[in-house]
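Visitor: Could you take one part of this model and go through it slowly, with the criteria behind each term spelled out? I would like a connected account.

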Amino acid sequence: GRRGTRSEEQQPSGPAESTWSTTRSPQPSPRACSARTCSCGASAVARSRTSRMTSRATLGLRTCLMAATLLAAARGQECAAAAPRAVATFVYDIQTRDGARLDARAYAPAQTAATFHRAPTAADAAHAWAAATYAHGGCFSNGDCESFAELDKSLAARGLLVVDTSFRQGASNPHPGALYDLGDVAAATRAIAPDLPLGVVGSSSGGFLALALAAHPARWGAGEPFAFALALAPVADPLARAEYLRECISGKTPVRQCHGPPSATRMLTSQLTYFPGGDAEMREARDLVCRRPGRHHNDPTRTFVVAGGHDKNVPLHVLSDVLLWAHRSLVLGGRGHEIQETLDDDSLETVVGWLRDAAQHDACGGGVAHEVKVPD
């Protein structure tokens, strides 16, 4: 299929780095002698006890060192097992409930890179630890199954079977049409390898779709709840994003790093093709994913949200409600909207490690964790 274009402008910026500190505990030391001191300051009995305690401390230290060595070796084997693999690509299509056929690309971890013009099978997913339906971004109207191939392949190289499609959106399939298409895609993804945990991943406008799909999987035809959801720079509140773009157009936005009127106008026009009902429809869409007591998310899908600290397309206030209930969030200071399609290796490893734990039902123990990475 033809590679789609993204209408939302990218803002390249330098990589975000973290500063870490390590605290090392002091080594145990024997007690000082105090009883029946001799001329040298310690009695023979105290020296004997000190000698025995020193021997025990030395033995304990050796045991700790051996355990640390074994643990390091085990972690090394685990890292080797999780090292990026080659990626196999599958070119095919998926039929929706209304008979439409969506161009699809599946990316699977493999021993050797190859391209197949057929749908993947369970055997093709033998090296995967989970599967994921991917919802690409494109301001609710642009993009296709190859627009974010780099990110798809990065995830597949780390053990995910990723299925990306040219789902219908924009004026030809307005809200909530894309969610029904993605529900059918999720069901088809689950059918490839039923024994694998299934998650959903989305970027930018696709991040909103991923969160909405995860919030109500049965409603959109996806079936059982997802094991995890990953949203990269998601337009979690379409109404807040529309209001921000209007402020950019009028020149009255309080956001320091923002779009100029021409680009903001293009983005708003594109977004409104998917939401022809205007503000009322976007408000309803927002409530699909933003937490409201007693309505949604009493037990939300384990969710990881990644945001750029300098994102002109999706400022942090557009996804602030979701950050309140997401199980894990990562804000990359100094990064912009480019995180929707590529992450630095450290951030990618953090995300994939968390998703793997979530797929194994161990993520966060139901708690919430937030992290901010800032540039040096």
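Guide: What follows is a close look at the packing of two helices, and then at some loop residues.

This is a predicted model, in which local features need pLDDT of at least 70 and side-chain atom pairs count only at pLDDT 80 or more, while totals for chains, interfaces and linings use all residues. Residues are numbered from 1 along each chain as its sequence is written, and side-chain values use heavy atoms, with hydrogens and water left out.

Two packed helices are described by the angle between their axes and the distance between the axes. Here the axes of helix 3 (residues 177-192) and helix 4 (residues 205-215) come within 10 Å and cross at roughly 65°; the axes are lines fitted to C-alpha atoms over the stretch in contact, with angles running from 0 to 180 degrees between N-to-C directions. Helices (H or I, at least four residues) and strands (E, at least two) are DSSP runs, numbered from the N terminus. Helix 3 and helix 4 are therefore roughly perpendicular to each other, a term that covers 65 to 115 degrees. The crossing of these two helices, helix 3 and helix 4, is right-handed, that is, the near helix is turned clockwise from the far one by less than a right angle. Helix 3 brings A178, L179, L182 and G183 to the contact, and helix 4 brings L209, A212 and L213, where contact means heavy atoms within 4.5 Å. These residues of the contact divide into 6 nonpolar, 1 polar and no charged; Ala and Leu count as nonpolar, and Gly as polar.

Most residues other than glycine have a negative phi, and most peptide bonds are trans. In the loop between strand 5 (160-165) and helix 3 lies P176, which a cis peptide bond with omega of about 5° joins to H175. The loop between strand 6 (198-203) and helix 4 holds S204, which is not a glycine yet has a positive phi of about 55°. At 0% relative accessibility S204 counts as buried, the cut-off being under 20% relative accessible area with a 1.4 Å probe and protein chains only.

F140, found in the loop between strand 4 (130-135) and helix 2 (149-157), likewise is not a glycine and has a positive phi, of about 65°. With 1% relative accessibility, F140 counts as buried.

Terms used:
Angles under 35 degrees count as roughly parallel, over 145 as roughly antiparallel, 65 to 115 as roughly perpendicular and the rest as oblique. Buried means under 20% relative accessible area, exposed over 50%, partly exposed in between (1.4 Å probe, protein chains only).
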